[in-house]
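Student: I would like to learn how to read a few features of a protein model. Can we go through them one at a time?

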Amino acid sequence: MVKNVKTRQKKPSLKRIVCLLAALLLALQAAACAKTADPVLTVTSAAEATIKVGQTYKLEYTAQNAPDGVTVDVARGDGGTGGGAYDGESRLFSAESPGAYVLTVTAKNGAKTAVATVKITVEAALPDIAEYVGTLGADEYAVPDLVGAYGLSDAGNVGVRASEAQKIKYPVKDDSEFLPANIIDFEGFAGTYADDSARLDAVIAEAKSRNGQGQGAVKIKLPNRSVLINADYAGTHIGGESAVRLTDFNGLEIVGAGDATELLIYTPTSWKKGIVVTNCQNLRLQNIRLDYKISPTLRGEVIDVDESLLRVTYKIPASFNETVQKLRSVPALGGTLDSVVEYDKNTSAPRERGNTLIREEDYFDSLVLSGEGENITAVLTFKEGYRARFLKPRPGELAAFAFTMYDAHGINVSGGKNLYLEGCGLNSAPGMAFFANQVENFYVNRFNMTLSRDRLMTATADGFHLLAMTGGVSITGSVLENSHDDAVNIKAGYYYGVDGADAVNKVLRLTRSTESNPLPRPGDVLGVYDKVTFDLIGRLTVVSATGGELIQNVTVAERLSGKDWIGKVVTNTTYAPAFAFADNIVRDKRNRGVLAQVPDAVIENNTFKNVMHGAVSLHTSLDNFNEGTLPQKPTVRNNKFINNGYASINAISADVSVFAFAESSVVAPSATLKEADVRNNYFESSGRAGVAFLGVSDSVIDGNLFYNTGRTSAETDFECAILLQNADSVTVSRNYNYYTMESETWAGIITKGLTKPDRITLTDNSNLYFQELDGAAPEYSVPKAASAIAVDGDLSDWNGAGYSVGMVGSSLATGDAVDASAYADVFGVEVCKLTWNDSGLYFAFRVRDDNPDYASAVDFWHGDCVELFLTDMLTLPNADFQLLRGEEQYDTLHLAVSPSWTVFASSRTKDAITANKATAQIVCVPVAGGYTVEAFLPFALLPRVKDAVDGGRGVAIAFVFADGDRDNIGRKRLQVSNVPHFVENYKTKTAKMPRYIFV
């Protein structure tokens with residue numbers, strides 16, 4: 001039987017009751033304290049942030065003593081409502097429209113609060129990149145409401161500012177500011193005149209008389225029509241060596257009456273300058289257009305091509321009938337074909353991969369004009385030597401033929417000061433459109449060099465060629481299109497050489513390097529530079545100068561003792577005007593856009609489009625051109641660069657190329673040019689790089705947008721957005737790169753020469769990185785010779801000896817790849833071996849060549865030979881041997897061998913090796929069907945290579961076997977090598993040269 005059990009409850013003890021009461025009391029006290037404590041609020045996310053529309057900002061915070069919760073209020077900075085929303089559960093602020101927003105965060109405890117604010121800037125959402133670049137590239141003008149994106153900080157300011165381009169900046173004076181008699185109306189000028197030439201001669205004579213009598217400035221008013229000027233008129237101011245002459249005026253203003261005002265130059269017997277201005281001051285030209293009645297160029301449309309005969313037939317429009325008749329009948333006009341440029345029939349821009357030639361290249365055989373009226377044709381035949389370069393045009397394609405180039409400038413100014421052009425223009429010129437020399441203060445606004453009368457070319461040379469200018473030079477609001485050469489070329493002058501120094505009398509003897517230099521004036525400052533390093537030797541102030549164009553003796557104020565002046569070069573640094581080029585359109589032309597060789601140049605808010613050889617060149621050179629004061633501190637900003645630099649030959653390195661060349665066209669040391677500033681520019685479809693710095697330091701490339709740059713280059717060195725060769729201390733920041741093409745060799749930033757990536761600062765760039773080489777250069781082990789090798793040209797002792805080198809690349813010197821099967825029947829490398837012993841390195845070559853054709857030792861690179869490039873300097877893989885040869889702690893050698901000569905090429909060979917070259921043993925023997933070479937290079941000649949061999953380190957060696965066949969000059973020199981295509985580019989760069997380890 002189970003009994004029910006009753007459990008008794010245990011009573012709590014007094015002690016336990018006291019503890020419970022105490023705990024309750026403490027809890028009540030704590031609650032009371034919390035209810036009255038100050039809340040503590042800490043925002044742990046950013047207090048200021050910038051986001052795009054459609055993005056979110058995550059608010060992070062902690063709150064203490066806030067029993068009544070935390071609230072977040074959203075307010076717009078402009079006082080409006082909406083545009084953004086905050087979700088308390090996710091703590092996310094969502095941006096719905098651009099603007100400034102403030103999030104007010106409040107932690108509450110009764111009446112007490114803690115407040116923090118967060119400022120959020122909401123920018124417009126990034127547009128689609130394809131639409132963005134489409135908007136930028138749509139035309140030449142800036143899009144003011146375009147948002148900053150994709151690298152551009154001020155996108156609405158990129159390109160030509162339409163409002164600025166339309167401004168009148170240099171108006172002529174009102175009539176009321178002239179004496180009534182000093183206003184001369186061309187049409188109403190008193191007298192009877194046979195033609196416009198006679199009338200204008202009388203008008204200028206009257207103006208000269210009044211101006212010369214001290215009666216103040218004179219205004220000439222031209223009619224709103226064509227004024228025909230006969231360049232053969234025998235007047236005082238009209239005809240002769242030029243059509244119009246203005247001399248020694250001080251205060252002359254010539255103004256046209258409207259858009260039809262034109263000076264039409266007629267040159268019946270020879271090409272002549274249009275307007276020559278000499279030693280004039282305060283000269284203003286407004287609303288005047290210049291053109292030539294007999295066109296210096298013809299337009300042709302392809303109607304037939306005979307590729308076998310290198311002959312192209314063109315139809316010439318009937319609008320050129322009068323010109324064709326003159327070209328046929330007057331040898332001084334049509335006797336010489338100076339240039340041919342092919343143009344795209346859809347764009348009127350020089351045709352990509354078109355035939356573009358000048359007379360000096362000696363490729364023209366003949367141009368025959370025939371037919372009459374509507375049936376005029378031009379038959380152009382090229383010489384056989386052009387066959388390899390000939391690019392077959394299609395029917396309908398266009399070409400311009402120029403029958404003069406540098407003979408006669410449209411406007412030629414020498415001396416004087418304060419020259420202004422406003423609203424003027426030029427449609428054609430048989431030379432430079434505008435040439436100016438030694439002018440102080442030159443200002444141009446709204447000068448339109450544009451096509452007319454069915455032509456394809458305006459000036460047959462430069463647009464503006466400005467030499468030895470001082471004061472200020474400004475070109476704004478202009479359209480410069482279809483000139484053959486540079487749109488603008490401004491230089492401080494050419495370098496002189498120094499071949500004598502008289503320290504006692506403080507006299508330097510200067511010799512002309514290339515073109516004429518003006519005689520230095522008292523007070524001018526000469527800069528004296530080392531011709532290799534460009535180091536400044538000194539600045540000298542001219543006291544007096546005597547001499548002519550070839551030799552000048554200059555007395556200076558400073559001491560000449562204590563320095564070696566002989567062999568240095570000199571430029572006149574006084575000719576350094578403040579140059580501004582803004583709100584201009586440069587387009588559809590063969591050569592460069594702007595070549596500026598003056599310091600402190602500012603190039604801004606322009607558009608360069610379809611400039612075949614490249615847009616902007618800022619450089620100095622001591623090569624064959626010998627031109628230019630160092631263009632320090634150039635600024636290039638807010639420009640559009642669209643489809644430039646696509647020439648297959650002679651294109652400059654980049655849309656913006658800042659560079660210095662020392663002798664032999666070697667890139668100068670890094671600190672030669674300084675403080676280049678390239679920012680907020682748009683680069684689209686550049687043929688080569690977008691920006692190139694060569695020999696540049698302490699410079700900036702900031703906030704630019706690169707879109708498909710390096711698109712056409714045959715050389716991978718230029719297949720990039722940015723090229724840095726011999727560059728140092730360059731900051732590359734906030735740039736955006738957008739590349740959609742399929743090249744496997746394209747790179748964002750390519751470093752060459754002595755550029756070290758750790759000296760280049762990359763900050764906040766997008767899709768822009770240093771080039772990554774395709775793995776390490778190949779390495780091969782070379783066994784030691786087991787027995788002696790006689791250097792006699794007989795290769796029998798090489799049987800079973802040495803390492804056999806394989807050929808992997810074959811290219812023409814022009815860069816075109818060539819398949820081995822294309823030359824197998826006429827040329828081949830049958831033996832290429834190397835080995836070594838304790839004394840040095842051995843090489844053996846046998847070349848099969850059906851037509852050995854050797855050039856001379858001084859131009860060996862044109863003919864057949866074997867070339868060997870060798871160095872143990874491997875830490876600068878993209879540096880050319882011309883740079884490596886100066887590194888004393890390494891051995892660098894360029895050797896060329898043929899049966900006729902052996903050459904140690906000094907430009908790429910270490911001096912110590914050249915000095916001891918007699919210790920080398922080299923034999924080259926003609927054999928049936930080719931020639932053989934044996935060579936021994938002792939370690940005594942190559943001590944640094946010996947160190948590398950002993951240390952088990954690789955030595956970079958390139959072998960190049962060349963087949964020149966100079967009797968067939970249509971085929972450029974073939975180069976077969978152990979380096980890959982493109983051989984010409986890689987044969988001197990260890991990045992692609994195999995490395996041989998001697999074991």
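Tutor: Start with empty space: about 170 Å³ of it lies in the largest cavity. A cavity is a set of points, on a 1 Å grid over the protein atoms alone, where a 1.4 Å probe fits but cannot get out. Grid points are joined across faces, edges and corners, and the volume is the space filled by probe spheres set on the points. Rolling a probe the size of a water molecule over the atoms shows where empty space is left.

Student: Which residues are the closest to the centre of the largest cavity?

Tutor: Ile254, Leu263, Ile275, Leu285 and Ile288, out of 17 that line the cavity. A lining residue has an atom within 4 Å of a point. Three elements give two or more residues to this lining: α4 (196–212), β13 (242–247) and β16 (273–278). Helices (H or I, at least four residues) and strands (E, at least two) are DSSP runs, numbered from the N terminus.

Student: How do the residues of that lining divide into nonpolar, polar and charged?

Tutor: Into 16 nonpolar, one polar and no charged. Here Ala, Val, Leu, Ile, Met, Phe, Trp, Tyr, Cys and Pro count as nonpolar, Asp, Glu, Lys and Arg as charged, and the others, Gly among them, as polar. In total, the structure holds three cavities of 30 Å³ or more.

Student: What kind of model is this?

Tutor: A predicted one: local features need pLDDT of at least 70, side-chain atom pairs count only at pLDDT 80 or more, and totals for chains, interfaces and linings use all residues. Residues are numbered from 1 along each chain as its sequence is written, and side-chain values use heavy atoms, with hydrogens and water left out.

Student: What is the overall make-up of the chain?

Tutor: The protein chain has 10 helices and 74 strands. Its C-alpha trace spans about 150 × 100 × 70 Å along the principal axes. Of its 999 residues, 54% are buried. Buried means under 20% relative accessible area, exposed over 50%, partly exposed in between (1.4 Å probe, protein chains only).

Student: Next, aromatic pairs. How many does the structure hold?

Tutor: A pair of aromatic rings is described by the distance of the centres and the angle of the planes. The structure holds 39 aromatic pairs. Rings of Phe, Tyr and Trp (its six-membered ring) pair if their centres lie within 6.5 Å; planes under 30 degrees apart count as stacked, over 60 as edge-to-face and the rest as tilted. Take Trp836 and Phe998: the centres are 6.2 Å apart and the planes stand at 75 degrees, so this pair is edge-to-face. Trp836 is in strand β65 (residues 827–837) and Phe998 in strand β74 (residues 995–998), 162 residues apart. Both are buried.

Student: Which pair do Phe959 and Tyr996 form?

Tutor: An edge-to-face one, at 6.4 Å centre to centre and 65 degrees between the planes. Phe959 lies in strand β72 (residues 955–963) and Tyr996 in β74, so the pair ties together parts 37 residues apart in sequence. Phe959 and Tyr996 are both buried. They also belong to a cluster linked by ring pairs, with Tyr780, Tyr803, Phe843, Phe845 and Phe961.

Student: Where does a charge sit over a ring?

Tutor: The charged end of Arg688 sits over the ring of Phe718, 4.1 Å from its centre. Lys208 lies over the face of Phe249, at 5.8 Å from the ring centre. The test asks for NZ of Lys or CZ of Arg within 6 Å of the ring centre and within 35 degrees of the ring normal.

Student: Now strands. Which ones pair with β38?

Tutor: Two strands pair if DSSP finds at least two bridges between them. Five bridges join β38 to strand β39 (residues 536–547), and the two run antiparallel. Val528 stands opposite Gly538 in β39. β38 also pairs with strand β41 (residues 569–572), antiparallel, over four bridges. There, Tyr529 stands opposite Val569. Four of the five residues of β38 (residues 525–529) are buried, so the strand is largely enclosed by the rest of the structure.

Student: Last, phi. Where is Asn726 found?

Tutor: Most residues other than glycine have a negative phi. Asn726 has a positive one, near 50 degrees. Asn726 is found in the loop between β57 (720–725) and β58 (728–733), and is buried at 2% relative accessible area. Arg734 has a phi near 55 degrees, also positive. Arg734 is found in the loop between β58 and β59, and counts as partly exposed at 41% relative accessibility.

Conventions
On a 1 Å grid over the protein atoms alone, a cavity is a set of points where a 1.4 Å probe fits but cannot get out, and a pocket is an open set with protein on both sides within 12 Å along at least five of seven lines; lining residues have an atom within 4 Å of a point.
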